[in-house]
Amino acid sequence: MAKENMSFLVCCANGAGSSLMMKMTMQKALDKLKIKPGKIHHCALSEGKSAASQYDVVFCAQNFKSMFVEAEKKGTVVIGLRNIMSVQEIEDKLKESKIAE
């Protein structure tokens with residue numbers, strides 16, 4: 001069973017184009033998995049790194065995942081993506097993380 005009202009943070013280098021596209025792609029995956037998020041926010045890595053522990057799930061490009069080790073220690077699920085525009089990859093990662101079935 002999918003978890004409801006989870007908060008999601010989507011981060012990219014500058015918080016402008018890529019994170020917005022990743023947010024829209026993630027929303028498509030959440031819709032397909034019938035997950036209703038409580039909050040979705042996109043931002044730059046600098047903001048995301050300091051705010052990550054306030055979210056249930058953080059999405060970022062795979063090469064930035066290591067920046068969120070402290071948030072992971074506090075229980076935030078950090079998901080690194082190879083292709084930020086892949087609905088299928090996001091679905092698979094949500095299932096792997098037990099956020100969706």
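**View 1. The buried face of helix 1 in this predicted model.** Tucked away on helix 1 are Ser19, Met22, Thr25, Met26, Ala29 and Leu30, the buried residues of this helix. Look down the helix axis and these buried residues fall within an arc of 145°, so they line one face of the helix. That fits a general rule: an α-helix has 3.6 residues a turn, so residues three or four places apart point the same way. Flip to the other side of helix 1 and you find Lys28 and Lys32, which are exposed.

**View 2. What sits over that face of helix 1.** The cover on the buried residues of helix 1 includes four strands: strand 1 (7–12), strand 2 (39–44), strand 3 (57–61) and strand 4 (77–81). Helix 4 (87–96) is part of the cover too.

**View 3. Helix 1 from end to end.** Helix 1 runs over residues 17–32, and at 1.5 Å a residue its 16 residues should span 22 Å. The end C-alpha atoms are 23 Å apart, which agrees. Just past the helix, Lys34 takes a positive phi of about 60°.

**View 4. The largest nonpolar core.** This core has 20 residues, and Phe8, Met26, Phe59 and Leu94 have the most contacts inside it. Strand 1, helix 1, strand 3, strand 4 and helix 4 each give two or more residues to this core, with helix 1 chipping in the largest share, four residues.

**View 5. Leu94 and its neighbors.** Leaving out residues up to four places away in sequence, Leu94 touches Phe8, Leu30, Leu33, Phe59, Ile79, Ile99 and Ala100.

Key
Residues are numbered from 1 along each chain as its sequence is written. This is a predicted model: local features need pLDDT of at least 70, side-chain atom pairs count only at pLDDT 80 or more; totals for chains, interfaces and linings use all residues. Side-chain values use heavy atoms; hydrogens and water are left out. The expected span of a helix is 1.5 Å times one less than its number of residues. Buried means under 20% relative accessible area, exposed over 50%, partly exposed in between (1.4 Å probe, protein chains only). The arc is that of the directions from the helix axis to the C-beta atoms. Contact means heavy atoms within 4.5 Å. A nonpolar core is a set of buried Ala, Val, Leu, Ile, Met, Phe, Trp, Tyr and Cys residues joined through side-chain atoms within 4.5 Å.
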